[in-house]
Amino acid sequence: MKNKKELNVILGIVIVVLLIAGLAYLIPKLLAKPSQKLRVLKNGEILLEHDLGKDAKFMILDQEAKEVSFKDSLSSLSDDERNPSMHEVNFIEVKDGKVLCTESNCNNQICVHTPAISAENADLPIVCLPHGLILQIVN
C-alpha cells in the first residue's frame, strides 16, 4: 500500500512538472504578436520595409523613400517635385497598425482612394500602377 501511495505522489509530481514546462513553453508563443511590416515595392524592387507598430509617414519620390513629418504633403513640395511629368510622388502613412496612401501625383488616384490595409486584410495590397508602386503587409 505504501508503494502505491509513493508511486501516486511521484506520478503527480511528474505530471505537475510537465504541465508547468508545457505552459512555460506555450504561453510566450501564444502572447507574442507576429512582427508584421509594411513592404513598399517600386517596379518589383523593395524600396522600404517598416514595422506596423511604429507610426510614421514616408514620401516616395521617384526611386527614393524617406521618412517625413506627418505635416508634410504634396503642397509642401516645390512645383518641380510635384510635377507628375518630372517626378513620381506618393505619401504613405503607417498609423495605428494601418497603412494608407494619403497623397499621390499620379493621374488616376486609385491608390489614394484604396482603403487602408492592416494585419486583418494583409492579403489586399495598395497599388499605384502609374508609379509601379505596391504597398503590402508581410510577416
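Analyst: In this predicted model, a residue counts as buried when its relative accessible area is under 20%, and by that criterion 29% of the 139 residues of the protein chain are buried.

User: What makes Cys 101 buried or exposed?

Analyst: The relative accessible area of Cys 101 is 1%, and since the limit for a buried residue is under 20%, Cys 101 is classed as buried. The same test applies to Cys 128, whose relative accessible area of 2% places this residue among the buried ones as well.

User: How many disulfides does the structure hold, and how do you know?

Analyst: There are zero disulfides in the structure. A pair of cysteine sulfur atoms has to lie within 2.5 Å to be counted, whereas the closest cysteine sulfur to that of Cys 101 belongs to Cys 111 and is 3.8 Å away, which is too far for a bond. For Cys 128 the nearest cysteine sulfur is again that of Cys 111, at 3.7 Å, and therefore, set against the 2.5 Å limit, Cys 128 is in no disulfide.

User: Why is the protein chain said to be spread out or compact?

Analyst: The elements of the protein chain, three helices and eight strands, follow one another from the N terminus as α-β-β-β-β-α-β-β-α-β-β. The radius of gyration is 25 Å, well over the 14 Å that the globule rule gives for 139 residues, so the protein chain is more spread out than a compact globule. Along the principal axes, the C-alpha trace spans about 95 × 25 × 25 Å. The protein chain exposes about 9,200 Å², of which carbon and sulfur atoms supply 60%.

User: What makes strand 4 and strand 6 edge strands?

Analyst: These strands belong to an open sheet of four strands, ordered 4-3-5-6 with antiparallel pairing. Strand 4 (64-68) and strand 6 (98-104) are its edge strands because two strands pair if there are at least two bridges between them, and each of these two pairs on one side only. From one strand to the next, the twist of this sheet averages 25°.

User: How do you know that strand 5 and strand 6 pair?

Analyst: Pairing requires at least two bridges, and six bridges join strand 5 (residues 89-95) to strand 6, so the criterion is satisfied, with the strands running antiparallel. Across this pair, Asn 90 stands opposite Ser 104 in strand 6.

User: Which strands are the edge strands of the sheet with the order 2-1-8-7?

Analyst: In that open sheet, whose four strands also show antiparallel pairing, the edge strands are strand 2 (45-51) and strand 7 (126-128), each of which pairs on one side only. The average twist here is 20° from one strand to the next.

User: How many bridges join strand 7 to strand 8, and what makes this a pair?

Analyst: Three bridges join strand 7 to strand 8 (residues 133-138); since at least two are needed for a pair, these strands qualify, and they run antiparallel. Cys 128, described above as buried, has Leu 133 in strand 8 as its bridge partner.

User: What makes strand 1 a partner of strand 2 and of strand 8?

Analyst: Against the requirement of at least two bridges, strand 1 (residues 37-42) has six to strand 2, in the antiparallel sense, and six to strand 8, also running antiparallel. Arg 39 stands opposite Glu 49 in strand 2, while the bridge partner of Leu 41 in strand 8 is Ile 134. Strand 1 and strand 2 form a hairpin with two residues between them, and in the turn Asn 43 has a positive phi of about 55°.

Notes
Residues numbered from 1 in each chain as written. Predicted model: local features only at pLDDT ≥ 70, side-chain atom pairs only at ≥ 80, totals over all residues. Heavy atoms only, no water. Buried < 20%, exposed > 50% of the residue type's maximum accessible area, 1.4 Å probe, protein only. Axes fitted to C-alpha atoms, helices over the stretch in contact; angles between N-to-C directions. Rg over C-alpha atoms; globule rule 2.2 N^0.38 Å. Areas by Shrake-Rupley, 256 points an atom, 1.4 Å probe, with all protein chains shown as cover.
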